[in-house]
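Reader: I am new to this structure. Please show it to me, and then I will ask how its labels are earned.

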Amino acid sequence: MIQFFYENLPESVDTDYKQWLEDLILSEEKKLGEINYIFCDDEYLLKINQDYLQHDYYTDIITFDYVKGKTISAEIFVSLQRISDNASTLSRDYEDELRRVLAHGILHLIGYKDKTEEEEKEMRRMEDLYLAKYRDLKDQN
């Protein structure tokens with residue numbers, strides 16, 4: 001089950017993303033466990049970064065991995081403020097950037113990495129693949 005929660009923010013994320021994210025997991029031959037997306041602001045996520053990871057910088061996403069075997073479970077914290085800033089900086093649409101980050105978190109849980117240049121290229125390729133699948137899904141409706 002995929003659930004959306006909000007900390008210090010009004011509810012604002014399209015719930016249609018749940019089916020798309022579940023389809024992403026199933027396409028990768030994994031099983032959906034429990035995934036909680038917690039949408040928050042920069043300060044909330046900075047505090048989590050400091051308290052749990054001992055990092056003192058802003059980020060758009062932090063994922064706590066509870067994967068067991070092929071069952072994908074996690075708590076994924078997402079700063080909507082950081083996504084908005086990044087979209088503006090990168091001249092991207094806010095919703096596209098949000099979907100990219102949502103998919104990115106799931107792809108990490110599935111096993112994709114982005115530490116090396118080669119891994120990062122593969123991660124981007126997979127993000128683009130699933131973003132295109134989302135657009136195709138929307139075009140069918």
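Reader: Why is I48 called buried or exposed, whichever applies?

Author: I48 has a relative accessible area of 9%. Buried means under 20%, exposed over 50%, and partly exposed in between (1.4 Å probe, protein chains only). Therefore I48 is buried. A word on the basis: this is a predicted model, where local features need pLDDT of at least 70, side-chain atom pairs count only at pLDDT 80 or more, and totals for chains, interfaces and linings use all residues. Residues are numbered from 1 along each chain as its sequence is written, and side-chain values use heavy atoms, with hydrogens and water left out.

Reader: Which residues is I48 in contact with, leaving aside neighbours within four places in sequence?

Author: They are L53, I62, F64 and F77. Contact means heavy atoms within 4.5 Å.

Reader: What does UniProt list for "binding site"?

Author: The unreviewed UniProt entry gives H104, H108 and D114. Such annotations may be inferred rather than shown by experiment.

Reader: What makes H104 buried or exposed?

Author: Its relative accessibility is 13%. The buried class is under 20%, so H104 counts as buried. H104 touches D114, M123, R124 and E127, with residues up to four places away in sequence not counted.

Reader: And how does H108 count?

Author: H108 has 28% relative accessibility, so the label is partly exposed. Leaving aside neighbours within four places in sequence, H108 is in contact with K113, D114 and M123.
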